[in-house]
Amino acid sequence: MRKLAGNKTLIYALRLTALVAAVCLFITSCSGKSAVEAKHKSNTDYSKPSTWACFNDDGGNPKEADCFLICPTVYVSMGKSKNMTVSDPTVRPSFTNAINDQKKLYSDTCAVYAPFYGQAAIEVYDMSESEAESFFETAYADIENAFVYFLKNTDGKRPFVLAGFSQGADMCIRLLKDHGNDPEVVKRLVACYAIGWRVTEEDLAKYPHLKTAQGETDTGVIIAYDCEAEDVKSSLVVPEGKKTRSINPLNWKTDQTPADKSLNKGSLMNDGSEKANMTGCYIDPVRGTLKVTDVTKDDYPPGPSCFSEGEYHVYDYKFFFRNLQDNVKTRLNAFKGK
């Protein structure tokens with residue numbers, strides 16, 4: 001009899017535990033909080049406002065969507081750690097300036113969330129891929145941690161745009177490799193603007209849930225390209241022998257159909273002004289890169305030493321600024337119309 005009573009007590013306890021777990025799961029799902037968890041360890045506490053360059057920045061006007069925006073490389077190590085220290089006051093002005101520049105593409109449509117993170121220094125790009133990877137993994141651990149915090153602390157029903165340029169674009173693609181198939185991300189992601197990085201056939205084969213944009217209005221997709229002069233055969237972003245998947249930001253085609261400069265609604269100039277119809281472009285059928293047709297190497301030098309003449313990487317989004325800005329609205333409208 002004692003054994004039977006003990007069994008009944010155990011069964012009751014197990015049923016009660018299961019009931020409590022089910023109730024907790026129900027409450028979590030009803031609250032809209034994210035079930036996505038980070039896969040990499042980061043020591044940065046993103047519950048602190050000081051770890052965000054901007055958090056829910058809607059410019060004073062309510063927006064219909066959010067944007068998780070990842071900063072490009074601004075950190076120069078100068079003999080210090082090859083990963084930026086998140087609290088370093090000497091880097092924050094450059095970081096914030098870059099975010100303020102980038103968010104112009106998205107802030108008409110989205111409230112912007114941009115984390116400070118331990119990004120890899122510009123010198124890391126002079127290393128071999130195998131040497132550099134540990135520094136990018138450190139940067140990514142922060143980004144993933146911030147992204148999970150973002151998902152858990154925003155309305156689970158609101159659509160969001162994932163966006164970044166250069167190192168920021170690399171981080172975006174890493175996020176989608178790890179989390180692009182998570183149900184919440186699938187449900188909420190309007191599109192990923194990974195400007196200035198590559199998406200290779202090997203990436204798509206290994207991560208079949210990754211989808212590159214095929215037109216102007218598809219959603220849940222990656223918009224990616226990297227700019228270069230017509231005679232360039234190798235670059236930092238797309239080394240010779242590799243091929244990337246791109247979409248043309250003027251005609252929204254994925255083949256080599258040329259887009260005339262008349263389609264270009266507005267480029268940002270070096271002095272901060274804006275000019276319409278400045279340049280056209282087409283996709284290289286061999287490299288998959290975006291060939292820019294109406295500018296010169298002298299007028300648009302490559303910038304940091306890790307880039308060579310004819311690599312227009314630092315102008316990737318500036319050349320096609322207004323077309324990209326309009327496309328964010330177009331894809332959000334398409335997403336809402338699903």
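Hi everyone, let's start with one lysine: Lys 336 is partly exposed, at a relative accessible area of 42%. Keep in mind that what you see here is a predicted model.

So what does Lys 336 pair with? Its side chain meets that of Glu 64 in a salt bridge, with 2.8 Å from N to O. This one links distant parts of the chain: Glu 64 sits in the loop between strand E1 (52-57) and strand E2 (65-70), while Lys 336 belongs to helix H7 (residues 321-336), and the two positions lie 272 residues apart.

On to a second pair. Arg 198 and Glu 129 form a salt bridge through their side chains, at 3.7 Å from N to O. Again, distant parts of the chain are linked, with Arg 198 in the loop between strand E5 (189-195) and helix H6 (201-206), and Glu 129 in helix H3 (residues 129-152), 69 residues apart. Are these partners buried or exposed? Arg 198 counts as buried, because its relative accessibility of 15% is under 20%, whereas Glu 129, at 52%, counts as exposed.

My third pair is Asp 203 with Lys 177, whose side chains meet in a salt bridge at 3.2 Å, N to O. Asp 203 lies in helix H6 and Lys 177 in helix H4 (residues 167-179), so this contact ties together parts 26 residues apart in sequence. Asp 203 counts as buried at 14% relative accessibility, and Lys 177 as partly exposed at 22%.

There is a network to look at, too: Glu 228, Asp 284, Arg 287 and Lys 291 are joined by salt bridges that share partners.

And how many salt bridges are there in the whole structure? The search finds 20. Thanks, everyone!

Technical notes
Residues are numbered from 1 along each chain as its sequence is written. This is a predicted model: local features need pLDDT of at least 70, side-chain atom pairs count only at pLDDT 80 or more; totals for chains, interfaces and linings use all residues. Side-chain values use heavy atoms; hydrogens and water are left out. A salt bridge is a side-chain nitrogen of Lys or Arg within 4 Å of a carboxyl oxygen of Asp or Glu. Helices (H or I, at least four residues) and strands (E, at least two) are DSSP runs, numbered from the N terminus. Buried means under 20% relative accessible area, exposed over 50%, partly exposed in between (1.4 Å probe, protein chains only).
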